[in-house]
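Thanks for sharing this one. Here are my notes, as numbered points that you can follow with the coordinates open beside you.

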Amino acid sequence: MNPNIKTTKMNPKVLLVLLWVFFTVNFMYCDTLLKLEPGVLEGIMSGYLADGTVKITAGFLLGTAIMFEIPFLMIVLSWVLKYRANRWANIIAGTLFIVVQIGSLFAGTPSPMYIFYTIIEIAGLLLIVWNAWKWRNSETFVPADEAARTTASASASIPQPMSGRK
């Protein structure tokens, strides 16, 4: 093993952005499919959700819009925030949405499709929290192109045996 070769890791910012996109696409598609379940559109038309347990009001819609904006915002914040703020924003937002996803299972009677998506979404959120939690220092990240240059320059500086000379 060559001690001059640095191992490369995925940039934690890129990984967090990808995980937030994964979560966001899943929750959006779940909400889209949810409207196809029998009785859901009729409930919405009557002004209620979750088997009639949640009244649709202007306040409810604003609160829902704010909650749904957080994952969209986290896609951008995960890319632009500096290490410490980035790490904590991901831990807090990820944990908040884990609680929200678990709580959503108790609003009405969730369908098998909804439970499936909730499990997938919670898994994605757990990965967000875990990766943000274990992310220790932004300076330890070595971009792949820099590692390639380091590897190339390290191998170029290693003396090569010359054949035919004694």
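**Notes on the model**

1. Of the 166 residues in the chain, 27% are buried. Please keep in mind throughout that this is a predicted model. The accessible surface comes to about 11,000 Å², and carbon and sulfur atoms account for 71% of that area.

2. On the overall layout, the chain has 6 helices and 2 strands. Following the sequence, they come in the pattern α-α-β-β-α-α-α-α. If you look at contacts with a separation of 6 or more, 78% are between residues 24 or more positions apart.

3. Helix 1 covers residues 12–34. Its 23 residues should span 33 Å at 1.5 Å a residue, and the end C-alpha atoms are 33 Å apart, so the expected and modelled spans agree. At the start of this helix, a side-chain oxygen of Asn11 comes to within 2.9 Å of the backbone nitrogen of Lys13.

4. Which residues of helix 1 are buried? They are Pro12, Leu16, Val17, Leu19, Trp20, Phe23, Thr24, Asn26, Phe27, Cys30 and Asp31. As for their partners, these buried residues pack against helix 3 (58–80), helix 4 and helix 5. A reminder that may help when you view the list: an α-helix has 3.6 residues a turn, so residues three or four places apart point the same way.

5. Helix 4 runs over 83–104. For its 22 residues, 1.5 Å a residue gives an expected span of 32 Å; the end C-alpha atoms lie 31 Å apart, which agrees. Buried here are Asn86, Arg87, Ala89, Asn90, Ile91, Ala93, Gly94, Phe97, Ile98, Gln101 and Ser104. The cover over these buried residues of helix 4 includes helix 1, helix 3 and helix 5.

6. Asn131 is worth a look of its own. Is this residue of helix 5 buried or exposed? Asn131 counts as buried because its relative accessibility is 15%, with the cut-off for buried set at under 20%. A polar atom of the Asn131 side chain lies 2.8 Å from the backbone oxygen of Leu127. Beyond residues up to four places away in sequence, Asn131 touches Leu15, Leu16 and Leu19. Two of these contacts tie in with point 4, where Leu16 and Leu19 are listed among the buried residues of helix 1.

7. Now to the surface. Trp88, Ile92, Trp130 and Trp133 make a nonpolar patch of about 490 Å². Helix 4 and helix 5 (112–134) each supply at least two residues of this patch. One of the four patch members, Trp88, lies in helix 4. Trp88 counts as partly exposed because its relative accessibility is 40%.

8. Finally, a short stop at strand 2, residues 54–55, which holds Lys55. With 47% relative accessibility, Lys55 counts as partly exposed. How far apart are Lys55 and Ile44 in sequence and in space? The two are 11 residues apart in sequence, and their C-alpha atoms are 9.1 Å apart. Setting aside neighbours within four places in sequence, Lys55 is in contact with Gly47, Tyr48 and Phe60.

Conventions:
Residues are numbered from 1 along each chain as its sequence is written. This is a predicted model: local features need pLDDT of at least 70, side-chain atom pairs count only at pLDDT 80 or more; totals for chains, interfaces and linings use all residues. Side-chain values use heavy atoms; hydrogens and water are left out. Patches are made of residues with over 30% relative accessible area and no salt bridge: like charges are joined within 9 Å, nonpolar side chains (Val, Leu, Ile, Met, Phe, Trp, Tyr) within 5 Å. Accessible areas come from the Shrake-Rupley method with a 1.4 Å probe; for residues, only the protein chains shown count as cover. A salt bridge is a side-chain nitrogen of Lys or Arg within 4 Å of a carboxyl oxygen of Asp or Glu. Helices (H or I, at least four residues) and strands (E, at least two) are DSSP runs, numbered from the N terminus. Buried means under 20% relative accessible area, exposed over 50%, partly exposed in between (1.4 Å probe, protein chains only). A polar contact is a pair of N or O atoms within 3.5 Å; within protein, one must be able to donate a hydrogen and the other to accept it, and residues adjacent in sequence count only if both atoms are side-chain atoms. Contact means heavy atoms within 4.5 Å. The expected span of a helix is 1.5 Å times one less than its number of residues.
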